[in-house]
Amino acid sequence: MEKTATSLPQKIWKLIKENPIVFMLVIVCFAVGLNIENFFSFRNLNSLISNTTVRFLIALGVSGCLITKGTDLSAGRAVGLCACLAGTLLQDPTYTGRMYNWPEFNLVAAFLVVVAVGAVFGLINGLIISKLNVPPFIATLGTQTIVYGICLVFTNAQPIGNFKDSYKSFVNGTVGKGLFTVPITGEVFPGVPYLLAWAVIFGLLFWFLYNKTTHGKYMYAIGGNENAAEVSGVNTVRAKIIIYVTAGAMYAIAGYLLAPKGGGASSGSGMGYELEAIAGCTIGGVSTTGGIGTVGGVLVGVLVFELLKIVLQFLGVNPYYNYIVQGLVIVTAVALDIRKYIAKK
């Protein structure tokens, strides 16, 4: 029996039905961009790239947890702690108000220390979830509070700033600044942010990890049916530990980049980022029911969520209402994901 070929309009309609939030927000962005000056500008694009990169790295870490039917509510606080740690290690040595009188660290040494600390907290999450069988929601809710408490003690609830110039340039620098001028608007090209390289590198690494490695296959198998995966010989305990350690390392990298990007770090850094990461993953097609998700989808979801924030800013919406809108998007995305899951059963 021959299969009926699917026409292009049918494929487009199917894509729209599977990703309604993405298409609605894209339409809103174009409507705003066509009516508000400077929305479509290189400066705005650079801001979008910088904000998306940090959130994308966090979402990549969270995505593995979601694919295995888990979650990680400690992500935002881990990012904040790592941002503070990186900030203290890379404060200007000539600054008299340094938080700790530690030996001077170079960029690579500080990076390795921060990633190691993030991975340790990821390991703790992985052990609690896989060895003690504590539900991921409860386990990471507990570690979220612990990490926040450690951050408060570590910083004494004081902000951290005055970073080394090399650290700020490494994160906030651009390539090709002033290369050309846009003929119509007269805008000088501000350059491509260095942060874009981080998004590209880790996006490709995670794509390879998820699609071309045994660990990636095990991850999707656990999310599809953990009991069946165990019967098939998958070491689910080991796989989960690797997933949460990897997630912790990604939060650390995001924190390392966040400190100079935001001009400083504090115990409040990263607050709520875990919810944004979960929302970005869900909008991008990572199912909360497990076993489904792609790196490309995660990028699209995070990008769309960041576009939503910029749209609200350009529309002059009271910043307090932003949380309401973002919350509605999160609930809607999860509700649609659950409906798709039920429809497939």
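Two packed helices are described by the angle between their axes and the distance between the axes. With that description in mind, we can turn to one pair of helices in this structure, which is a predicted model. Helix H3, covering residues 42-67, packs with helix H8, covering residues 195-212, at an angle of about 20°, and their axes lie 8 Å apart. Because angles under 35 degrees count as roughly parallel, H3 is described as roughly parallel to H8. The crossing in which H3 passes H8 is left-handed.

The side of H3 in this contact includes Ile49, Phe56, Leu57 and Leu60, together with smaller stretches of the list such as Ser63 and Gly64. On H8, the residues that they meet include Leu195, Trp198, Phe202, Gly203 and Tyr210. Taken together, the residues of the contact of H3 with H8 divide into 12 nonpolar, five polar and no charged.

A second topic is the cysteines. A disulfide is a covalent bond between the sulfur atoms of two cysteines. How many disulfides does a search of the whole structure find? The search finds zero, and two cysteines can serve to show the reasoning, which rests on a cut-off of 2.5 Å between the sulfur atoms. For cysteine 151, the closest cysteine sulfur belongs to cysteine 84 and is 3.8 Å away, which is too far for a bond. For cysteine 281, the closest cysteine sulfur is in cysteine 65, at 9.1 Å, and this too is too far for a bond. As for their surroundings, cysteine 151 counts as buried, with 1% relative accessibility, and cysteine 281 is buried as well, with a relative accessible area of 0%.

Terms used. Residues are numbered from 1 along each chain as its sequence is written. This is a predicted model: local features need pLDDT of at least 70, side-chain atom pairs count only at pLDDT 80 or more; totals for chains, interfaces and linings use all residues. Side-chain values use heavy atoms; hydrogens and water are left out. Buried means under 20% relative accessible area, exposed over 50%, partly exposed in between (1.4 Å probe, protein chains only). Axes are lines fitted to C-alpha atoms, for helices over the stretch in contact, and angles run from 0 to 180 degrees between N-to-C directions. Helices (H or I, at least four residues) and strands (E, at least two) are DSSP runs, numbered from the N terminus. Angles under 35 degrees count as roughly parallel, over 145 as roughly antiparallel, 65 to 115 as roughly perpendicular and the rest as oblique. A crossing is left-handed if the near helix is turned anticlockwise from the far one by less than a right angle, and right-handed if clockwise. Contact means heavy atoms within 4.5 Å. Ala, Val, Leu, Ile, Met, Phe, Trp, Tyr, Cys and Pro count as nonpolar, Asp, Glu, Lys and Arg as charged, and the others, Gly among them, as polar.
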